[in-house]
Amino acid sequence: SVYPYAKLLALLFATIFLIGFGGLALYAVTDGSLTEALWLSWTFVADSGNHADSIGIGPRIVSVSISSGGMLIFAMMLGLVSDAISEKVDSLRKGKSEVIEKNHMLILGWSDKLGSLLKQLAIANKSVGGGVVVVLAERDKEEMEMEIAKLEFDFMGTSVICRSGSPLILADLKKVSVSKARAIIVLATDENADQSDARALRVVLSLTGVKEGLRGHVVVEMSDLDNEPLVKLVGGDLIETVVAHDVIGRLMIQCALQPGLAQIWEDILGFENDEFYIKRWPELDGMQFEDVLISFPDAIPCGVKVAADNGKIILNPDDSYVLKEGDGVLVIAEDDDTYSPGPLPEVRRVSFPKVPELPKYPERILFCGWRRDIHDMIMVLEAFLAPGSELWMFNEVTEKEREWKLIDGGLDISGLENIKLVHREGNAVIRRHLESLPLETFDSVSYHILYPCWRQILILADESLEDSVVHSDSRSLATLLLIRDIQASVILFFRLCKQTRLPKSSKRLPYRDTKSTSLRLAGFTHSSWIREMQQASDKSIIISEILDSRTRNLVSVSRISDYVLSNELVSMALAMVAEDKQINRVLEELFAEEGNEMCIKPAEFYLFDQEELCFYEIMTRGRQRQEIIIGYRLANSERAIINPSKKSEQRKWSLDDVFVVISSGS
C-alpha cells in the first residue's frame, strides 16, 4: 500500500522462492546435480507442460507442485500487467497525464464563457492551420470533453486538450506545461465577485511561483474593477486584466447612446471579421502618418506603437507624426497575413467645409435592474450626456440602500451636473409595477417632438441573480417582453383613438381597464402581437444584457430588442488580448469615457449629397476633423462595412449614409 513496486517485488521473490524450493526438492528425488535440478525447476515454472516427461512418483509429485505454483505466479503476473494498463488508461481518461506541448494556449478554469472563447481562439488560429488549446479545470476530464463536444463547432484544425486539476497546485500547472504556453487565460468562476477575484489572485500567485518561469503573458478575467489593481500589483507586467462586468457595462452605455455601434464592436472584437493588429514595417520609416493612412490597400491604420516611449500605443496620432525606426503600425485588418503596405495612391486632398457637431440634447434613460458596478455606469453617463438629462432607476433595492451603495462605490451624487437621478422601486417582472412607469415617454420617435431628447431602456442583469446565468436571463427576457407588450398596447391605444375619434385626455393607456385589455386581446393574433412589439422596437431603444449566448440568439431572431449584449463579447476581448497583449491598451482607451472613442457620424460631415468619391478621399476629409474613418453603413443596409475593399474605387454617396470613425472626442 506504500511502495509502488511492492507487488512486482513480491512476485519476484515468490518466483525465486518457488524455483529454489522446487530445485531442492527435485535434487532430493532425482540423481542429477543441484544445478540441473534448479534449471529443471525453472522450466516447470515457466512452462507447466514440461512436467509430463517426469518419470517416477517422487519426481512427478514434485514437478506437478512446481508447475501448479508456476501457473499461480503466471496468473499473478497477468493480473499485475492488467492492473498497470488499466491504471494508465484510467489516468489518461481522467486527465492526470502530462501534456507534452509547447507554444500552446492555456485556459485555467471553467465558466459559461469557455465555449465562445474556444470558438474565437480556433478562428484566430485558422490561418496557421490550427493550434493547441489546453484547458485545466477542477472537473472530470470526460465531463469537460462532453461539454465541448456539445458546442457543435468546427475548430478548424485546433486541438482542445482537457486536464483535470487545480490551477492553485504547482504540480497540476506543471502537468499542462504552463512554462511553455504562449499565453495563459484565467477565467472567472461562477462565485460572487469578491470570491472569484480572490481566487484569481491566488492563481496569479501560483503562476508567479513556477520555477521554470513563464514564456507567455497572463490574461486574467476580473469580476470587480476595484480588485484589478491588487492583481496587477502581484503579477506585474506579466498580467493583463479584462474586467468583464466593466466591459459589458461600458459597451451597454455606448451602444445605447449610439444605435448600431454594438454590431461594429462585435465585428471588431471577434476574429471572424476585421480586428486590430500591430506590426512593424521598416519601409514606412520616415513617412508621415497622413501618408501611412493611405498606404495599406487591405487595412486601415489607426495608430502607432512608439518604440522610443517604451512601446506606448498612440491612437489617432497627428498627421505630422513621422514614423521612426522601431515604430509599429496599429491597423484594422482581416488577418495578420492579409495586408502589407503598397505604393501611395493618387488621392485628391480637397478641403471640406467643417460642419459643426450636432448639439447635445438632454436624454432620458431607464435602468431596469441593479448591477454591481452601476456607479461606474453612472459616471460614464455623466461624461457623455448633456445637462438636464434624467436617469430613471427601477429595481427592488430601496432608495436609501441605493444611495448608500452608490456613495460606497465612490459616486458623488451631489456632484452630478448633467444627470438627475429618478428613483422608482418595484419588480421588473411584475406587470403592474412596470405599468407605474411612464414607458411611453421612453419612445425615441413619437415623443421626440415633445421632448428634444432620445430615450433608451437598458435591461441589466440583476446583481441578486448574477451567480445563476439561467435565472438572470429568464428575468431579463421576461422584463423585455413585458415592456414591449406595454409599448405595443400604447401603440394600439392611440391607433384605436384615431380610428374611433375618441378623446385622448391622457398620454397613458389605461392598462387596468378590463375593457381596453379585452379590446387589445380581441384585436390581436399571436403574429400581430409579435408585429406590434417589433414596431415598438422601431420606436424606442432597448439594450438587453443577456449572459447566455443561446438566449441571445433567441432574442436577436425575434427582433424585439435592438441589441443584446452577452458574455460572448467578453470572450472575444479575452481571446484578442491573449493573442496580443498590446491590444489591451487599445481596448482600454476605446472603452474609457475620456480619450479616443469609436462613434458613428453622419455623411454630411465629410461629403455632399450624391458626391462621387473614393474611400481614401473620405478618409483624408476625416483627418480634417482629427478622425480616422474605418468603415461605413449605407442607407439601404443593416450592417456596417469595416475596412472596405477597393478603397480607390469611385462611388456616389448619400447623405443618409453614416460612417464609423475613431474620434479624439475633443
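This passage looks at one buried strand and its neighbours, and then at a selection of salt bridges.

The model described here is predicted. A good place to start is strand β6, which spans residues 239–243 and is mostly covered, with 5 of its 5 residues buried. Ile239, Thr241 and Val243 point one way from β6, while Glu240 and Val242 point the other way. Such a pattern fits a simple rule: in a regular strand the side chains alternate between the two faces of the sheet. In β6, the residues on both sides are buried, the charged Glu240 among them.

The partner of β6 is strand β5, made up of residues 217–222, and the two run parallel, paired over 5 bridges. Within this pairing, methionine 222 of β5 sits opposite valine 243 of β6. To get from β5 to β6 the chain passes through helix α8 (residues 228–235), forming a β-α-β crossover that is right-handed.

Turning to charged side chains, the structure holds 30 salt bridges. One of them joins glutamate 138 to arginine 199, with an N to O distance of 2.3 Å. Glutamate 138 belongs to the loop between β2 (132–137) and α5 (141–149), whereas arginine 199 belongs to helix α7 (residues 193–208), so this contact ties together parts lying 61 residues apart in sequence. Arginine 199 has a relative accessible area of 17%, which means that this residue falls under the 20% limit and counts as buried.

A second pair also links distant parts of the chain. Arginine 475 and glutamate 396 form a salt bridge in which the closest N and O atoms are 2.8 Å apart. Here arginine 475 comes from helix α15 (residues 469–500) and glutamate 396 from the loop between β12 (389–395) and α13 (399–408), a separation of 79 residues. The two partners are not equally covered: arginine 475 is buried at 18% relative accessibility, but glutamate 396 is partly exposed at 47%.

A third pair stays within a single helix. Glutamate 435 and arginine 431 meet through their side chains at 2.8 Å, N to O. Both residues lie in helix α14 (residues 431–435), 4 residues apart, or about one turn of the helix. Glutamate 435 is buried, with a relative accessibility of 11%, and arginine 431 is partly exposed, at 24%. Beyond such pairs, salt bridges with shared partners connect Glu228, Lys232, Glu240, Arg585 and Glu588 into one network. This brings the account back to β6, since Glu240 is one of the buried residues of that strand.

Note on methods
Residues numbered from 1 in each chain as written. Predicted model: local features only at pLDDT ≥ 70, side-chain atom pairs only at ≥ 80, totals over all residues. Heavy atoms only, no water. Buried < 20%, exposed > 50% of the residue type's maximum accessible area, 1.4 Å probe, protein only. Pairing = 2+ DSSP bridges. Right-handed = clockwise from strand over helix to strand, strands pointing away. Salt bridge = Lys/Arg side-chain N within 4 Å of Asp/Glu carboxyl O.
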